[in-house]
Amino acid sequence: MSENAPSSDAPFDLDKLKQLVEMMENHDLTEIHLRRGDEQWRLRRGPREVIHAAPQYQPQPMAMAAPSPAANAPAAVAAPAAAPAETTGLIDIKSPTVGTFYAAPSPGEPAFVTVGSVVTPETIVCLIEAMKVFNQIPAEVSGTITAILVKSGDAIEFGQPLFRVKP
Amino acid sequence: MFQRILVANRGEIALRILRACREMGIETVAVCSEADRGADYLKLANEAICVGPAQASGSYLLIKNIISAAEIGNVQAIHPGYGFLSENEHFAEVCRSCNIDFIGPTAEAMGKLGDKVTAKEIARNARVNLVPGSDGLIASEEEALAIASKIGYPVLIKATAGGGGKGMRVARNDISLKAGLKQAAVEAEKAFNNAGVYLEKYIENPRHVEVQIIADLHGDVVHLWERDCSSQRRHQKLIEESPAPNLPQAVREEICQAAVRLIKTANYTNAGTVEFIVDKENQFYFIEVNARIQVEHPVTEMISGIDLIQQQIRVAAGEPLPWKQSEIPCNGSAIEVRINAEDPDNDFRGSPGRITKLRVPGGNGVRWDSHVHEGYVVGPYYDSMIGKLIVHKRSRAESIACMKRCLDEFVVEGIKTTIPLLKRIFSNAAFVEGRMDTTFIEQKLLAK
């Protein structure tokens with residue numbers, strides 16, 4: 001989580017954020033807290049497993065700033081919302097195949113599930129398209145969706161976490 | 001030229017292909033199973049996509065997942081390496097139907113040469129010697145005796161439904177032939193539900209000599225000389241070298257030209273290897289074509305100076321071969337040893353584990369093709385080869401001295417390897433004098 005309170009029209013310093021994130025990664029740090037005047041940065045980094053893309057596949061800084069520079073909400077997350085360490089018992093629905101993720105049965109239709117949806121093992125949670133074949137992906141767990149980790153159009157590899165479920 | 005290629009393989013050959021592409025400025029997508037996720041060599045690729053679980057049937061062999069990876073990875077071509085899907089006709093067809101170039105021969109060429117009957121026909125049409133035999137099932141004892149008399153003893157009685165060494169027996173005269181035919185038919189009926197048998201001349205203690213060829217998409221075919229791969233254990237190659245030792249120059253030329261004729265007749269394209277067995281009189285007989293790049297290709301790269309993987313990519317991209325046959329040299333002597341994670345003291349049982357220490361030899365004329373490093377965990381899921389050590393010197397004697405020095409320098413701890421066996425072979429008189437045949441390692445060296 002990163003809390004930053006600059007003046008509302010100062011640009012959010014993404015370069016600095018990138019540097020800090022790299023530094024954390026290179027030195028295996030879990031938390032950085034910087035303060036200067038009323039400007040404050042705190043970055044916290046979760047365990048590696050929470051990163052849903054294999055490092056080589058989609059390199060992205062572990063802390064992602066929200067695009068809006070005027071954000072006064074804690075916009076950046078060092079790890080997707082709930083780091084497993086804090087939330088034992090959450091289960092990831094992982095992709096059983098390789099292809100392209102689609103959240104809804106077809107464009108314009110509502111998504112199969114949203115955050116808060118209750119699922120059973122047979123609930124279809126998404127489509128993964130491969131070679132023009134749209135595979136319906138069942139949840140295979142029971143519980144409530146707490147997070148959607150990918151978006152429509154994303155390229156998905158085998159075993160990639162798609163949804164987080166609270167059983 | 002392709003902008004992006006998917007490497008549909010793992011380990012040392014995947015690394016080999018990634019390196020070749022990087023040198024050519026071609027982007028790469030590597031695939032991995034869950035067992036290989038995070039492997040160091042994957043870092044050389046622009047992207048690594050996990051395609052399935054450790055079991056190859058769900059990952060490296062799963063065509064739909066490989067093709068999906070190619071689609072989301074946005075590649076124009078796939079290099080299949082060796083093993084896995086490299087000689088799978090269906091895979092080659094699926095690639096083409098998805099508009100992805102398959103870096104290898106066409107499905108049709110694979111099919112023709114993969115079928116024993118059509119392969120033999122192609123060899124006949126190309127005037128390439130086959131192992132003499134009955135040309136079909138034996139209908140009667142009289143027929144068998146007549147054929148044996150024609151081709152000469154010893155002969156091999158083979159079950160038509162057999163394979164992989166099963167259902168074969170040797171007959172050295174009429175009496176053993178008659179007895180053998182009866183027994184073979186009974187056994188074949190029991191084991192394969194098919195009593196059909198045929199005869200072949202039994203070539204005793206043959207040498208395994210194979211010819212590297214490459215053909216472009218414009219009708220040109222060249223050979224890159226021969227390799228001797230007689231040092232085998234249970235039909236697995238341990239050592240390969242080029243040129244074949246003690247083979248008269250005239251025979252070398254003949255066997256290489258025979259390979260080219262066969263490949264031309266088969267309309268085969270891209271890289272491949274034509275396998276022969278050579279008897280004590282230096283007569284050679286066609287066995288089969290391996291329609292892929294092979295493990296031992298580095299040996300040919302050293303003596304010819306040609307990068308075979310890069311050339312495969314160029315051929316697939318439509319480029320003509322850049323050299324005439326006369327411009328392909330065979331310089332010096334190159335020898336490769338395969339180093340396997342196996343325990344020579346325990347029947348070569350696989351020896352998986354973490355490599356806790358690794359010191360690889362180097363120096364003038366030494367090449368190490370391997371994906372492993374200190375700290376690498378050799379898993380139980382795939383073949384046991386951890387790397388290939390290749391030496392190249394001006395003469396075979398110098399190559400042997402270099403390889404002995406390298407094997408002494410080599411340190412691998414944490415797993416067992418076949419290095420001790422290799423050291424024995426390189427000190428063995430028959431090997432040093434170039435008097436190897438395919439029975440040597442099992443019957444002479446290991447039997448001691």
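## A four-stranded sheet in chain A

A:Asp92 sits across from A:Arg164, a residue of E10(A). This is a predicted model, and the pair belongs to an antiparallel partnership: E3(A) and strand E10 (residues 161-166) of chain A are joined over 4 bridges.

Step back and you will find an open sheet of 4 strands in chain A, running in the order E3-E10-E8-E5 with antiparallel pairing. Strand E3 (91-94) and strand E5 (118-119) of chain A are at the edges with a single partner strand each, so one side of each has no neighbour in the sheet. As a reminder, strands of a sheet pair through backbone hydrogen bonds, either parallel or antiparallel.

## A hairpin in chain A

Now look at E1(A) and strand E2 (residues 39-44) of chain A, which pair in the antiparallel sense over 6 bridges. One of the matched pairs is A:Ile32 with A:Leu43, the latter in E2(A). Between the strands of this hairpin there are 2 residues, and A:Gly37 takes a positive phi near 60°.

Is strand E1 of chain A tucked away or in the open? Of the 6 residues in E1 (residues 31-36), the number buried is 0, so the strand lies largely in the open.

## Helix H7 of chain B

Over in chain B, helix H7 (residues 174-192) offers a handy check on geometry. Its 19 residues, at 1.5 Å a residue, should span 27 Å, and the C-alpha atoms at its ends are 26 Å apart, which agrees.

Buried residues in H7(B) include B:Leu177, B:Leu181, B:Ala184 and B:Ala188. An α-helix has 3.6 residues a turn, so residues three or four places apart point the same way. Just after H7(B) comes B:Asn193, with a positive phi near 65°.

## Domains of chain B

Chain B is divided into domain 1 (4-103), domain 2 (141-201) and domain 3 (207-445). Taken over C-alpha atoms, the centres of domain 2 and domain 3 of chain B are separated by 33 Å.

## Where the chains meet

How many residues does each chain bring to the contact? Chain B gives 19 residues and chain A gives 13 residues. On the side of chain B that touches chain A, strand E3 (47-52) and helix H2 (63-72) of chain B each supply at least two residues. The largest share of that side, 7 residues, belongs to H2(B).

What classes of residue make up the side of chain B that touches chain A? There are 10 nonpolar, 3 polar and 6 charged residues on that side.

Methods: Residues are numbered from 1 along each chain as its sequence is written. Chains are lettered from A and ligands numbered from 1 in the order in which they are written. This is a predicted model: local features need pLDDT of at least 70, side-chain atom pairs count only at pLDDT 80 or more; totals for chains, interfaces and linings use all residues. Two residues are in contact if their C-beta atoms, placed from the backbone, lie within 7 Å. Ala, Val, Leu, Ile, Met, Phe, Trp, Tyr, Cys and Pro count as nonpolar, Asp, Glu, Lys and Arg as charged, and the others, Gly among them, as polar. Two strands pair if DSSP finds at least two bridges between them. The expected span of a helix is 1.5 Å times one less than its number of residues. A residue is buried if 20 or more other C-beta atoms lie within 10 Å of its own, exposed if 12 or fewer, and partly exposed in between; C-beta atoms are placed from the backbone. Domain bounds come from an automatic or database domain assignment.
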